[in-house]
Amino acid sequence: MPRIPSRRTVLRGLTVTGAAVAAFDTASRSWAATAAESETAAGSTASASTTSTSSTLAKVPRLDGTLLTDASSLTAAADDYGHIVHNRPAAVLRPGSVRDVVTMIRFCNDHRLPVAPRGQGHSPFGQAQAPGGLVIETTPLAGIGSVNTASRTVTVGAGAKWSAVARATLAHGLTPPVFTDYLELSVGGTLSVGGLGGQAHRVGAQVDNVTELQVVTGAGELVRCSPSRRPDLFRAVLAGLGQCAVIVEATLRLVPAPTTVRRYQLTYSDLATFLDDQRMLVREGRFDYVEGQVQADATGAFGVHVLEAVAYGPPVGPVPDDTALLRGLRHDPATAHIVDQPYYDFLDRLAPVIAAMKAAGIWGFAHPWLNLMLPGASAAALATQVLDGLTPADAGPGAVILFYPLLRERLTTPLLRTSDDDVSYLFDILSAAAPDDTAAVDRLLAVNRSAYDTVAAAGGTHYPVGSIPLTPADWQAHFGPAWAGLQSAKCTYDPRGVLVPGQGVFG
């Protein structure tokens, strides 16, 4: 009878180019980075079962990048911008190629290990965490291809930041048509949730401006998909929360870029009037960008409403006409602030704010964010109900309250859910709490859940980038008529359910 080799002998025979991990022990469900670690795992497994042999070691495939299990990498992957949820993975993949993503998703699918892609780690509630599984860092997949000026498209890696994409395309006089306010997010990250900004009422969300994707399904299949090629997968990936496939590359639509913009900040004392004027502006398409903020007044209540509108100048539009653009608006004209600035400076306007937050330490606070989609007809009443009694002290340092008016007809991606009203409002309360103040975090999470219930009962939904404790039943209700398609795609493309457990969509 041939002699069965020892675990030490097996591990000595394993080599993984550029990787720190040699094998996965299917018995102990742990990664073995060295022979000594594997024997430790083997010993603990053998104490529970004397039948364990070297056959429980699954060799990690050859990789171009690195598979990490060191404490620092795992701790970092068990945290995010929210600093609320901490689910530690078993390993982190720093891919050297798209092939690495394919290889490791296939490996995880074979061994039923959960997988989650992670871009900039800006999720606030553990959405990109994979307890006991594999986190795939997409930051190495940050390539930006040549801008195709004929088709007005550019193909970029999932890990590319929107700031880098903007700079690359502006060199050709072109730009993606819509941006999130914060530019240092990854393309793959925002396309997985929707990608909303103040331009969305004119051009749709970022997901509505994608012409093709390259993805890796939960079964480890590398696929190109588009509206005409594997359209079911294309629809299931855009705003699909990573449930069916991991985005590795996206082809984005571009439009001519302005060189300068004119930015208007208009103050209102009444919430309903503020929202009505926002609604009128997006229905008319008078501005290229519309959003607004709610700020504290002298009494400490959230009673100051600032409508922010932007008109693009040449070469995509005429020099803005203030009289025509402001006609009929009911703001306080004495407090209007109007300024011209270069287009990229407008896009990156949060950079100094973020720098100040980091300098003050607020960036490291917990961020139990609330992001709701309010039906237009009842937006003022619902927002008032949520904001009643909320003070700046309750919301925490650096908190921001935002309203983005959205035209339903411009949002064509099925999984990006809004209300049935022609105008909906993305309503954000971007709160913060000291990371060690668990009572404040728990209180804000309870407020979030209560607000979600109120809005859902009124026909609203939520934008899935916040911190709302949700059940699979909540998700089914959220997706509504799109649920059946997502569920079918999940069964087809991630049949073992390994992808992105942190969202909690399927339990």
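These legends walk through several close-up views of a predicted model.

**View 1. The whole protein, before we zoom in.** Start with the overall build: the secondary structure comes to 17 helices and 21 strands. The radius of gyration is 24 Å, close to the 23 Å that the globule rule gives for 507 residues, so the protein is as compact as a globular protein of that length. Along its principal axes, the C-alpha trace spans about 95 × 55 × 45 Å. Buried residues make up 55% of the 507. If you look at contacts with a separation of 6 or more, 72% of them join residues 24 or more positions apart. As for the outside, the accessible surface comes to about 19800 Å², and carbon and sulfur atoms account for 53% of that.

**View 2. The largest nonpolar core, with Phe-403 in it.** Nonpolar side chains tend to be buried together in soluble globular proteins. Here, the largest nonpolar core holds 112 residues. Which residues have the most contacts inside it? They are Leu-191, Leu-196, Leu-213, Leu-374, Phe-403 and Phe-427. Another core, of 27 residues, lies apart from this one, and its members include Val-21, Ala-91, Leu-93 and Cys-108. Back at Phe-403, setting aside neighbours within four places in sequence, you'll find contacts with residues including Leu-271, Phe-274, Leu-275, Leu-374, Ala-383 and Phe-427. Charged and polar company turns up as well, with Glu-291 and Gln-278 among the residues that Phe-403 contacts.

**View 3. Helix 13 and its two sides.** Helix 13 covers residues 379-387, and Ala-379, Leu-382, Ala-383, Val-386 and Leu-387 are buried in it. Seen down the helix axis, these buried residues fall within an arc of 125°, so they line one face of the helix. What do they pack against? Their partners are helix 9 (271-284), strand 18 (370-375), strand 19 (400-407), strand 20 (423-430) and helix 15 (438-457). Flip to the other side of helix 13 and you meet Ala-381 and Gln-385, which are exposed. Just after the helix comes Gly-389, with a positive phi of about 85°.

**View 4. Arg-94 and Glu-137, a pair across two strands.** Side chains of opposite charge can pair when their charged atoms come close. Arg-94 and Glu-137 form a salt bridge, with their closest N and O atoms 2.8 Å apart. Arg-94 sits in strand 5 (residues 91-94) and Glu-137 in strand 7 (residues 134-137), so the pair ties together parts that are 43 residues apart in sequence. Is each partner buried or exposed? Arg-94 is partly exposed, at 37% relative accessible area, whereas Glu-137 is buried, at 18%.

**View 5. More salt bridges to look for.** The model has 20 salt bridges in the count. One of them joins Lys-490 to Asp-494, with the closest N and O atoms 2.7 Å apart. Both ends are tucked away: Lys-490 is buried at 8% relative accessibility, and Asp-494 is buried at 1%. Elsewhere, Asp-181, Glu-291 and Arg-349 are linked in a network of salt bridges.

**View 6. Arg-230, a loop residue with a positive phi.** You'll find Arg-230 in the loop between strand 11 (222-225) and helix 8 (231-237). The phi of Arg-230 is near 50°, a positive value in a residue other than glycine. Arg-230 also forms a salt bridge with Glu-221, and the closest N and O atoms are 2.9 Å apart. Arg-230 counts as partly exposed, at 33% relative accessibility, and Glu-221 is partly exposed too, with a relative accessible area of 33%.

**View 7. Two more backbone oddities.** Most residues other than glycine have a negative phi, and most peptide bonds are trans. Arg-29 has a phi near 60° and lies in the loop between strand 1 (23-25) and strand 2 (30-32). The peptide bond from Pro-314 to Pro-315 is cis, with omega near 5°. Pro-315 belongs to the loop between strand 16 (302-312) and helix 10 (322-326).

**View 8. Tyr-463, a buried loop residue.** Tyr-463 is in the loop between strand 21 (461-462) and helix 16 (472-479). With a relative accessible area of 7%, Tyr-463 is buried. Leu-426 is 37 residues away from Tyr-463 in sequence, yet their C-alpha atoms are 7.4 Å apart in space. Leaving out neighbours within four places in sequence, the contacts of Tyr-463 include Val-193, Leu-196, Asn-371, Met-373, Leu-416 and Leu-426.

Notes: Residues are numbered from 1 along each chain as its sequence is written. This is a predicted model: local features need pLDDT of at least 70, side-chain atom pairs count only at pLDDT 80 or more; totals for chains, interfaces and linings use all residues. Side-chain values use heavy atoms; hydrogens and water are left out. A salt bridge is a side-chain nitrogen of Lys or Arg within 4 Å of a carboxyl oxygen of Asp or Glu. Helices (H or I, at least four residues) and strands (E, at least two) are DSSP runs, numbered from the N terminus. Buried means under 20% relative accessible area, exposed over 50%, partly exposed in between (1.4 Å probe, protein chains only). The arc is that of the directions from the helix axis to the C-beta atoms. Contact means heavy atoms within 4.5 Å. The radius of gyration is taken over C-alpha atoms; the globule rule is 2.2 Å times the number of residues to the power 0.38. Accessible areas come from the Shrake-Rupley method with a 1.4 Å probe; for residues, only the protein chains shown count as cover. A nonpolar core is a set of buried Ala, Val, Leu, Ile, Met, Phe, Trp, Tyr and Cys residues joined through side-chain atoms within 4.5 Å.
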